[in-house]
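Here's a quick tour of a protein model with a ligand in it. Have the structure open and follow along.

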Amino acid sequence: MKRLLSGVAALLMAGLTANSAMAQKVYPERPVTIVVPAAAGGPSDTVARLVADSMSKTLGQQVVIENMGGAGGSLGAGKVAKAEPDGYTLLLYHIGVATFGALYSSLPYKPAELSSVGLITDVPMTLVGRSDLPAQKVAEVISFIKAQNGAATFGTAGVGAVSHLCGILLQQAIGAKLTTVPYKGTGPAMTDLIGKRIDLMCDQTTNTVNQIKVKEIRVYAMTTPKRIGILPEVPTLQESGLGGFEVTAWHALWAPKGTPEAIRQTLSLALQKALADPVVISRFADLGTSPVPAELAVPAALDQRFQSEIARWSKLIAEAGEVAK
Ligand code: MLT
(Lines give C-alpha, C1' and ligand atoms only; values in the text may rest on other atoms or scores of the structure.)
Protein backbone atom coordinates (compact mmCIF):
# COMPACT_ATOMS: atom_id res chain seq x y z
CA MET A 1 0.00 0.00 0.00
CA LYS A 2 2.85 2.41 0.94
CA ARG A 3 4.59 1.66 -2.41
CA LEU A 4 1.25 2.22 -4.23
CA LEU A 5 0.75 5.62 -2.52
CA SER A 6 4.28 6.84 -3.21
CA GLY A 7 3.81 5.69 -6.81
CA VAL A 8 0.59 7.76 -7.10
CA ALA A 9 2.33 10.75 -5.46
CA ALA A 10 5.22 10.50 -7.90
CA LEU A 11 2.78 10.36 -10.82
CA LEU A 12 0.92 13.41 -9.52
CA MET A 13 4.19 15.33 -9.09
CA ALA A 14 5.24 14.37 -12.62
CA GLY A 15 1.86 15.55 -13.93
CA LEU A 16 2.13 18.90 -12.11
CA THR A 17 5.67 19.55 -13.27
CA ALA A 18 4.72 18.57 -16.80
CA ASN A 19 1.77 20.95 -16.59
CA SER A 20 3.84 23.99 -15.46
CA ALA A 21 6.64 23.02 -17.82
CA MET A 22 4.05 22.89 -20.61
CA ALA A 23 2.70 26.26 -19.48
CA GLN A 24 6.25 27.64 -19.35
CA LYS A 25 7.24 26.05 -22.66
CA VAL A 26 4.49 27.30 -24.95
CA TYR A 27 3.10 30.44 -23.23
CA PRO A 28 2.10 32.54 -24.99
CA GLU A 29 1.07 30.68 -28.09
CA ARG A 30 -1.56 33.22 -29.19
CA PRO A 31 -2.27 36.93 -28.67
CA VAL A 32 -2.67 38.17 -25.10
CA THR A 33 -5.44 40.64 -24.17
CA ILE A 34 -4.93 43.41 -21.65
CA VAL A 35 -8.22 44.85 -20.40
CA VAL A 36 -7.99 48.57 -19.57
CA PRO A 37 -11.14 49.44 -17.61
CA ALA A 38 -11.27 53.02 -18.92
CA ALA A 39 -11.99 54.71 -22.25
CA ALA A 40 -9.46 54.62 -25.09
CA GLY A 41 -7.22 57.63 -25.44
CA GLY A 42 -7.15 58.32 -21.70
CA PRO A 43 -4.21 58.14 -19.28
CA SER A 44 -4.44 54.43 -18.38
CA ASP A 45 -4.90 53.52 -22.05
CA THR A 46 -1.79 55.56 -22.92
CA VAL A 47 0.32 53.69 -20.36
CA ALA A 48 -1.14 50.33 -21.43
CA ARG A 49 -0.49 50.76 -25.15
CA LEU A 50 3.14 51.74 -24.59
CA VAL A 51 3.78 48.78 -22.27
CA ALA A 52 1.81 46.32 -24.44
CA ASP A 53 3.79 47.19 -27.56
CA SER A 54 7.05 46.51 -25.79
CA MET A 55 5.85 43.35 -24.00
CA SER A 56 4.69 41.88 -27.31
CA LYS A 57 8.29 41.97 -28.57
CA THR A 58 9.49 39.92 -25.59
CA LEU A 59 6.54 37.54 -25.54
CA GLY A 60 6.64 37.00 -29.29
CA GLN A 61 2.87 37.40 -29.50
CA GLN A 62 0.65 40.42 -30.03
CA VAL A 63 -0.57 42.07 -26.83
CA VAL A 64 -3.88 43.73 -27.62
CA ILE A 65 -5.73 46.33 -25.57
CA GLU A 66 -9.43 45.98 -24.83
CA ASN A 67 -11.00 49.10 -23.34
CA MET A 68 -13.92 48.54 -21.00
CA GLY A 69 -14.85 51.75 -19.13
CA GLY A 70 -17.63 52.00 -16.59
CA ALA A 71 -18.23 52.03 -12.81
CA GLY A 72 -14.84 53.61 -12.17
CA GLY A 73 -13.14 50.59 -13.77
CA SER A 74 -14.68 47.93 -11.54
CA LEU A 75 -16.56 46.34 -14.47
CA GLY A 76 -13.37 45.72 -16.43
CA ALA A 77 -11.60 44.47 -13.30
CA GLY A 78 -14.50 42.06 -12.79
CA LYS A 79 -14.17 40.78 -16.35
CA VAL A 80 -10.54 39.82 -15.78
CA ALA A 81 -11.18 38.36 -12.32
CA LYS A 82 -13.73 35.99 -13.90
CA ALA A 83 -11.62 35.17 -16.96
CA GLU A 84 -9.84 31.84 -17.62
CA PRO A 85 -6.60 31.85 -15.51
CA ASP A 86 -4.46 30.93 -18.52
CA GLY A 87 -2.44 34.13 -18.95
CA TYR A 88 -4.37 35.37 -22.00
CA THR A 89 -6.58 37.92 -20.21
CA LEU A 90 -4.88 40.50 -18.00
CA LEU A 91 -5.88 43.72 -16.24
CA LEU A 92 -3.90 46.98 -16.44
CA TYR A 93 -5.22 49.65 -14.14
CA HIS A 94 -4.31 51.51 -11.01
CA ILE A 95 -4.82 52.52 -7.40
CA GLY A 96 -8.60 52.39 -8.01
CA VAL A 97 -8.53 48.60 -7.77
CA ALA A 98 -7.47 48.97 -4.13
CA THR A 99 -10.47 51.17 -3.31
CA PHE A 100 -13.34 49.38 -5.04
CA GLY A 101 -13.94 47.23 -1.96
CA ALA A 102 -14.56 50.33 0.17
CA LEU A 103 -16.59 52.21 -2.45
CA TYR A 104 -18.89 49.48 -3.76
CA SER A 105 -21.25 47.46 -1.55
CA SER A 106 -21.49 44.89 -4.34
CA LEU A 107 -18.72 44.28 -6.84
CA PRO A 108 -18.87 41.91 -9.84
CA TYR A 109 -15.90 40.07 -8.31
CA LYS A 110 -13.91 39.57 -5.09
CA PRO A 111 -10.64 41.54 -4.91
CA ALA A 112 -8.88 38.26 -4.02
CA GLU A 113 -9.84 36.91 -7.46
CA LEU A 114 -7.06 39.03 -8.98
CA SER A 115 -3.44 37.98 -8.65
CA SER A 116 -0.50 40.32 -8.98
CA VAL A 117 2.03 40.50 -11.81
CA GLY A 118 3.78 43.79 -11.03
CA LEU A 119 3.83 47.56 -10.64
CA ILE A 120 4.39 49.73 -13.73
CA THR A 121 4.53 53.48 -13.04
CA ASP A 122 3.37 56.05 -10.50
CA VAL A 123 1.78 58.88 -12.48
CA PRO A 124 1.63 62.37 -10.92
CA MET A 125 -1.70 64.21 -11.11
CA THR A 126 -2.66 67.80 -11.79
CA LEU A 127 -5.58 69.96 -10.68
CA VAL A 128 -6.78 71.53 -13.94
CA GLY A 129 -9.64 73.77 -15.05
CA ARG A 130 -11.32 75.03 -18.17
CA SER A 131 -9.24 77.75 -19.84
CA ASP A 132 -11.78 80.48 -19.03
CA LEU A 133 -12.33 79.58 -15.37
CA PRO A 134 -12.32 82.81 -13.31
CA ALA A 135 -9.32 81.67 -11.26
CA GLN A 136 -5.54 82.02 -11.75
CA LYS A 137 -4.26 80.11 -8.71
CA VAL A 138 -5.36 77.47 -6.16
CA ALA A 139 -6.74 79.99 -3.62
CA GLU A 140 -8.99 81.46 -6.34
CA VAL A 141 -10.09 77.98 -7.43
CA ILE A 142 -11.14 77.28 -3.83
CA SER A 143 -13.06 80.59 -3.66
CA PHE A 144 -14.73 79.74 -6.99
CA ILE A 145 -15.78 76.29 -5.71
CA LYS A 146 -17.13 77.76 -2.46
CA ALA A 147 -18.99 80.51 -4.31
CA GLN A 148 -20.67 77.86 -6.49
CA ASN A 149 -22.15 76.24 -3.36
CA GLY A 150 -21.57 72.70 -4.55
CA ALA A 151 -22.47 73.40 -8.18
CA ALA A 152 -18.93 73.57 -9.51
CA THR A 153 -18.60 70.63 -11.91
CA PHE A 154 -15.72 68.16 -11.56
CA GLY A 155 -15.09 65.52 -14.23
CA THR A 156 -14.18 62.00 -13.10
CA ALA A 157 -13.94 58.52 -14.56
CA GLY A 158 -16.54 57.24 -12.11
CA VAL A 159 -16.59 56.00 -8.53
CA GLY A 160 -13.23 54.53 -7.58
CA ALA A 161 -11.36 56.11 -10.47
CA VAL A 162 -8.27 58.01 -9.32
CA SER A 163 -9.79 61.24 -10.68
CA HIS A 164 -12.68 60.55 -8.28
CA LEU A 165 -10.36 59.66 -5.34
CA CYS A 166 -8.53 62.94 -5.87
CA GLY A 167 -11.91 64.71 -5.77
CA ILE A 168 -12.71 63.03 -2.44
CA LEU A 169 -9.43 64.34 -0.95
CA LEU A 170 -9.91 67.82 -2.45
CA GLN A 171 -13.46 68.28 -1.10
CA GLN A 172 -12.32 67.12 2.31
CA ALA A 173 -9.23 69.36 2.28
CA ILE A 174 -11.14 72.53 1.33
CA GLY A 175 -14.36 71.73 3.21
CA ALA A 176 -16.58 72.34 0.20
CA LYS A 177 -18.62 70.15 -2.14
CA LEU A 178 -18.25 69.63 -5.89
CA THR A 179 -20.71 68.21 -8.41
CA THR A 180 -18.90 65.21 -9.87
CA VAL A 181 -19.66 64.39 -13.50
CA PRO A 182 -18.78 60.73 -14.27
CA TYR A 183 -17.40 59.60 -17.64
CA LYS A 184 -16.11 56.22 -18.90
CA GLY A 185 -12.62 57.65 -18.57
CA THR A 186 -10.82 60.95 -18.27
CA GLY A 187 -10.19 60.85 -22.01
CA PRO A 188 -13.80 61.84 -22.77
CA ALA A 189 -13.87 64.09 -19.66
CA MET A 190 -10.90 66.00 -21.08
CA THR A 191 -12.87 66.67 -24.27
CA ASP A 192 -15.58 68.34 -22.17
CA LEU A 193 -13.03 70.30 -20.12
CA ILE A 194 -11.41 71.63 -23.30
CA GLY A 195 -14.95 72.36 -24.53
CA LYS A 196 -15.61 74.34 -21.33
CA ARG A 197 -18.59 72.08 -20.52
CA ILE A 198 -17.17 71.20 -17.08
CA ASP A 199 -15.20 73.39 -14.67
CA LEU A 200 -12.46 71.27 -13.12
CA MET A 201 -10.73 67.92 -13.08
CA CYS A 202 -7.92 66.17 -11.26
CA ASP A 203 -6.14 64.06 -13.82
CA GLN A 204 -2.89 62.32 -14.62
CA THR A 205 -0.08 64.17 -16.41
CA THR A 206 -0.23 61.46 -19.08
CA ASN A 207 -3.56 63.03 -20.06
CA THR A 208 -3.05 66.68 -19.14
CA VAL A 209 0.52 67.73 -19.92
CA ASN A 210 0.00 68.16 -23.67
CA GLN A 211 -3.23 70.14 -23.17
CA ILE A 212 -1.54 72.33 -20.56
CA LYS A 213 1.36 73.04 -22.92
CA VAL A 214 -0.99 74.30 -25.65
CA LYS A 215 -3.13 76.18 -23.08
CA GLU A 216 -6.28 74.26 -23.97
CA ILE A 217 -6.76 73.90 -20.21
CA ARG A 218 -5.42 75.75 -17.18
CA VAL A 219 -3.24 73.99 -14.60
CA TYR A 220 -3.31 75.04 -10.93
CA ALA A 221 -1.30 72.51 -8.96
CA MET A 222 0.34 69.11 -8.63
CA THR A 223 -0.99 66.41 -6.31
CA THR A 224 2.54 65.21 -5.59
CA PRO A 225 4.57 66.25 -2.50
CA LYS A 226 7.18 67.81 -4.80
CA ARG A 227 6.99 69.72 -8.12
CA ILE A 228 7.79 67.66 -11.22
CA GLY A 229 10.50 68.32 -13.80
CA ILE A 230 8.20 68.64 -16.82
CA LEU A 231 6.03 71.34 -15.11
CA PRO A 232 8.55 73.15 -12.88
CA GLU A 233 6.45 76.29 -12.64
CA VAL A 234 3.41 74.44 -11.27
CA PRO A 235 3.18 74.54 -7.45
CA THR A 236 2.01 71.58 -5.40
CA LEU A 237 -1.30 71.59 -3.53
CA GLN A 238 0.77 71.29 -0.37
CA GLU A 239 2.66 74.50 -1.28
CA SER A 240 -0.74 76.05 -1.97
CA GLY A 241 -1.95 75.50 1.59
CA LEU A 242 -3.39 71.96 1.46
CA GLY A 243 -0.95 70.36 3.87
CA GLY A 244 -0.37 66.60 3.42
CA PHE A 245 -2.31 66.48 0.15
CA GLU A 246 -0.94 63.59 -1.88
CA VAL A 247 -2.36 61.21 -4.48
CA THR A 248 -0.72 59.65 -7.49
CA ALA A 249 -1.96 57.07 -9.98
CA TRP A 250 0.22 54.02 -9.50
CA HIS A 251 -0.51 51.58 -12.33
CA ALA A 252 -0.04 47.81 -12.27
CA LEU A 253 -0.70 44.54 -14.07
CA TRP A 254 -2.93 41.77 -12.68
CA ALA A 255 -3.97 38.32 -13.84
CA PRO A 256 -6.94 36.16 -12.80
CA LYS A 257 -6.35 34.20 -9.59
CA GLY A 258 -5.10 30.70 -10.40
CA THR A 259 -2.92 31.83 -13.31
CA PRO A 260 0.11 29.46 -13.14
CA GLU A 261 3.07 30.88 -11.24
CA ALA A 262 5.33 30.19 -14.25
CA ILE A 263 3.12 32.32 -16.50
CA ARG A 264 3.05 35.19 -13.98
CA GLN A 265 6.84 35.03 -13.87
CA THR A 266 7.03 35.14 -17.67
CA LEU A 267 4.72 38.17 -17.65
CA SER A 268 6.65 39.89 -14.87
CA LEU A 269 9.93 39.42 -16.79
CA ALA A 270 8.36 40.77 -19.99
CA LEU A 271 7.01 43.73 -18.00
CA GLN A 272 10.45 44.43 -16.50
CA LYS A 273 11.95 44.41 -20.00
CA ALA A 274 9.26 46.80 -21.20
CA LEU A 275 10.03 49.18 -18.34
CA ALA A 276 13.70 49.16 -19.37
CA ASP A 277 12.77 49.83 -23.02
CA PRO A 278 14.19 53.24 -24.12
CA VAL A 279 11.02 53.96 -26.13
CA VAL A 280 8.81 53.42 -23.08
CA ILE A 281 11.17 55.40 -20.85
CA SER A 282 11.25 58.42 -23.17
CA ARG A 283 7.49 58.40 -23.89
CA PHE A 284 6.77 58.19 -20.18
CA ALA A 285 9.16 61.10 -19.57
CA ASP A 286 7.39 63.20 -22.23
CA LEU A 287 4.20 62.64 -20.26
CA GLY A 288 5.61 63.46 -16.82
CA THR A 289 6.12 59.97 -15.42
CA SER A 290 8.72 57.19 -15.26
CA PRO A 291 8.77 53.38 -14.98
CA VAL A 292 9.11 51.85 -11.51
CA PRO A 293 12.44 50.10 -10.82
CA ALA A 294 12.52 46.49 -12.11
CA GLU A 295 12.41 45.10 -8.58
CA LEU A 296 8.91 46.56 -8.19
CA ALA A 297 7.58 45.03 -11.40
CA VAL A 298 7.05 41.74 -9.53
CA PRO A 299 4.02 40.14 -7.79
CA ALA A 300 5.29 40.58 -4.22
CA ALA A 301 5.86 44.33 -4.61
CA LEU A 302 2.35 44.84 -6.01
CA ASP A 303 0.84 42.75 -3.21
CA GLN A 304 2.56 44.97 -0.66
CA ARG A 305 1.50 48.26 -2.32
CA PHE A 306 -2.04 46.94 -2.75
CA GLN A 307 -2.46 46.07 0.93
CA SER A 308 -1.04 49.39 2.13
CA GLU A 309 -3.36 51.34 -0.19
CA ILE A 310 -6.42 49.35 0.89
CA ALA A 311 -5.61 50.33 4.47
CA ARG A 312 -4.98 54.01 3.61
CA TRP A 313 -8.02 54.53 1.40
CA SER A 314 -10.54 52.56 3.46
CA LYS A 315 -9.81 55.00 6.29
CA LEU A 316 -9.83 58.10 4.01
CA ILE A 317 -13.06 57.05 2.30
CA ALA A 318 -14.77 56.40 5.65
CA GLU A 319 -13.52 59.75 7.05
CA ALA A 320 -14.79 61.53 3.94
CA GLY A 321 -18.20 59.96 4.59
CA GLU A 322 -18.18 58.40 1.15
CA VAL A 323 -20.53 55.48 1.47
CA ALA A 324 -20.37 52.35 -0.59
CA LYS A 325 -22.72 52.55 -3.55
C1 MLT B 1 -8.44 56.84 -17.33
O2 MLT B 1 -7.59 56.21 -17.97
O3 MLT B 1 -9.45 57.30 -17.82
C4 MLT B 1 -8.16 57.13 -15.88
O5 MLT B 1 -7.15 56.36 -15.37
C6 MLT B 1 -9.37 57.07 -15.11
C7 MLT B 1 -9.22 57.57 -13.72
O8 MLT B 1 -9.33 58.77 -13.47
O9 MLT B 1 -8.98 56.77 -12.88
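What follows is a short briefing, grouped by topic.

Keep in mind that this is a predicted model. The main attraction is the ligand, which takes up the space of the largest cavity. Beyond that, there is one disulfide to look at, plus a capped helix and a cis peptide bond.

**Around the ligand**

- Twelve names are worth highlighting in your viewer: the ligand is surrounded by Ala38, Pro43, Ser44, Tyr93, His94, Ala157, Ala161, Val162, Ser163, Gly185, Thr186 and Gln204.
- By type, that shell splits into six nonpolar and six polar residues, with no charged ones.
- Helix H2 (43-59), strand E3 (89-94) and helix H6 (162-174) each put at least two residues into the shell.

**Polar contacts to the ligand**

- From histidine 94, a polar side-chain atom sits 2.6 Å from a ligand oxygen.
- Serine 163 also uses its side chain, with an N or O atom 2.6 Å from an oxygen atom of the ligand.
- Threonine 186 goes through its backbone instead: an N or O atom there is 2.8 Å from a ligand oxygen.
- How much of the ligand's accessible area does the protein cover? It covers 100% of the 270 Å² that the ligand has on its own.

**The disulfide**

- As a reminder, a disulfide is a covalent bond between the sulfur atoms of two cysteines.
- Here the partners are cysteine 166 and cysteine 202, with an S to S distance of 2.1 Å.
- Why is the disulfide right-handed? The torsion about the S-S bond of cysteine 166 and cysteine 202 is about 70°, so the disulfide gets that label.
- Cysteine 166 belongs to helix H6 and cysteine 202 to strand E8 (residues 200-204), so the pair ties together parts that are 36 residues apart in sequence.
- Helix H6 is also one of the elements that supply at least two residues of the ligand shell.

**Both ends of H10**

- At the N-terminal end of helix H10 (residues 278-286), aspartate 277 acts as the cap, with a side-chain oxygen 2.8 Å from the backbone nitrogen of valine 279.
- After H10 comes glycine 288, with a positive phi near 85°.

**Backbone oddities in loops**

- Most residues other than glycine have a negative phi, and most peptide bonds are trans.
- Tyrosine 27 and proline 28 are joined by a cis peptide bond, with omega about -10°.
- Look for proline 28 in the loop between helix H1 (2-26) and strand E1 (32-36).
- Asparagine 149 has a positive phi, near 55°, although it is not a glycine.
- You'll find asparagine 149 in the loop between helix H5 (138-147) and strand E6 (153-156).

How values were computed. Residues numbered from 1 in each chain as written. Predicted model: local features only at pLDDT ≥ 70, side-chain atom pairs only at ≥ 80, totals over all residues. Heavy atoms only, no water. Near = heavy atom within 4 Å. Polar contact = N/O pair within 3.5 Å; in protein donor to acceptor, adjacent residues only side chain to side chain. Areas by Shrake-Rupley, 256 points an atom, 1.4 Å probe, with all protein chains shown as cover. 1 Å grid on protein atoms, 1.4 Å probe; cavity = no way out; pocket = protein on both sides within 12 Å on 5 of 7 lines; lining within 4 Å. Sits in = over half its atoms within 2 Å of the grid points. Helix = DSSP H or I, 4+ residues; strand = E, 2+ residues; numbered from the N terminus. Nonpolar A, V, L, I, M, F, W, Y, C, P; charged D, E, K, R; others polar. Disulfide = S-S within 2.5 Å.
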